[in-house]
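Thanks for coming. Please have the sequence and the model open while I talk.

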Amino acid sequence: MSNRKSELETLRADLKVRLSKYEAHQHRQGGALEKDFEEQAVQTQNDEVVDSLETETRNELAQIEHALERLAEGLGDECEGCGEDIDPRRLQVLPYTTVCVKCAED
């Protein structure tokens with residue numbers, strides 16, 4: 001279980017770095033919009049993509065935080081839905097999951 005905790009903490013740190021880059025982009029820390037209209041259009045499209053990536057990253061970060069809380073409570077390998085153990089292969093692929101395959105499909 002400590003290996004999973006370490007993996008989740010590493011993922012959390014990576015996501016926080018990624019979020020700070022997205023936030024810097026959104027706040028134009030690299031400079032204001034270009035004066036050229038076509039460049040502005042490209043930058044605006046980029047903003048939409050970055051906004052979407054930021055949302056996905058925040059959601060994944062929330063899942064990681066939740067999984068870490070469950071690990072701290074000693075419930076990390078137990079499905080939140082049915083209470084059965086989550087298959088270790090599923091945890092290897094999705095270390096932040098808190099539900100078994102069956103409950104995830106329901």
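A residue counts as buried under 20% relative accessible area, as exposed over 50%, and as partly exposed in between. By that scale Cys 82 is partly exposed, because its relative accessible area is 40%. I will come back to Cys 82 after the overview.

This is a predicted model. Its mean pLDDT is 85, and 80% of the residues in the protein chain reach 70 or more. Going by element, helix α4, residues 101-105, has the highest mean pLDDT at 94, and α2 has the lowest at 83. Where pLDDT is low, the predicted coordinates should not be read in detail.

Now the overall layout. The protein chain has 4 helices and 0 strands, so the pattern along the sequence reads α-α-α-α. Of its 106 residues, 25% are buried. The accessible surface is about 7400 Å², and carbon and sulfur atoms account for 47% of that. If you take the contacts between residues at least 6 apart in sequence, 57% of them join residues at least 24 apart.

Next, the core. Which residues make up the largest nonpolar core? There are 11 of them: Leu 8, Leu 15, Leu 19, Tyr 22, Val 50, Leu 61, Ile 64, Ala 67, Leu 68, Leu 71 and Tyr 96. Two elements give two or more residues to this core, namely α1, residues 2-26, and α2, residues 37-72. The largest share, 6 residues, comes from α2.

Leu 68 is a core residue worth finding on the screen. Setting aside residues up to four places away in sequence, Leu 68 touches Lys 5, Leu 8, Glu 9 and Arg 12.

Another residue to look at is Asp 47, which lies in helix α2. Asp 47 is classed as buried because its relative accessibility is 16%, and the limit for buried is under 20%. Asp 47 and the core residue Tyr 22 are 25 residues apart in sequence, with their C-alpha atoms 9.2 Å apart in space.

Then there is Arg 4, in helix α1. Is Arg 4 buried or exposed? Arg 4 counts as buried, because its relative accessibility is 9%. Its side chain reaches the backbone oxygen of Gly 76 at 2.7 Å. Leaving out neighbours within four places in sequence, the contacts of Arg 4 are Ala 67, Leu 71, Gly 76, Asp 77, Leu 91, Pro 95 and Thr 97. Of these, Ala 67 and Leu 71 also appear in the core list.

Last, the cysteines, starting with Cys 82. Where does Cys 82 sit? Cys 82 is in the loop between α2 and α3, the latter being residues 88-93. Beyond its neighbours within four places in sequence, Cys 82 is in contact with Cys 100 and Cys 103. Cys 82 and Cys 103 are 21 residues apart along the chain, and their C-alpha atoms are separated by 7.1 Å.

How many disulfides does the structure hold? The count is 0. For Cys 82, the nearest cysteine sulfur is that of Cys 79, 3.8 Å away, and Cys 82 is in no disulfide. Cys 100 is in no disulfide either, with the sulfur of Cys 103 nearest at 3.7 Å. The cut-off used here is a pair of cysteine sulfur atoms within 2.5 Å, so neither of these distances qualifies. On accessibility, Cys 100 is buried, because its relative accessible area is 10%, whereas Cys 82 is partly exposed at 40%.

That is the end of the tour.

Terms used: Residues are numbered from 1 along each chain as its sequence is written. Side-chain values use heavy atoms; hydrogens and water are left out. A nonpolar core is a set of buried Ala, Val, Leu, Ile, Met, Phe, Trp, Tyr and Cys residues joined through side-chain atoms within 4.5 Å. Buried means under 20% relative accessible area, exposed over 50%, partly exposed in between (1.4 Å probe, protein chains only). Contact means heavy atoms within 4.5 Å. A polar contact is a pair of N or O atoms within 3.5 Å; within protein, one must be able to donate a hydrogen and the other to accept it, and residues adjacent in sequence count only if both atoms are side-chain atoms. Accessible areas come from the Shrake-Rupley method with a 1.4 Å probe; for residues, only the protein chains shown count as cover. pLDDT is the predictor's confidence in each residue, from 0 to 100.
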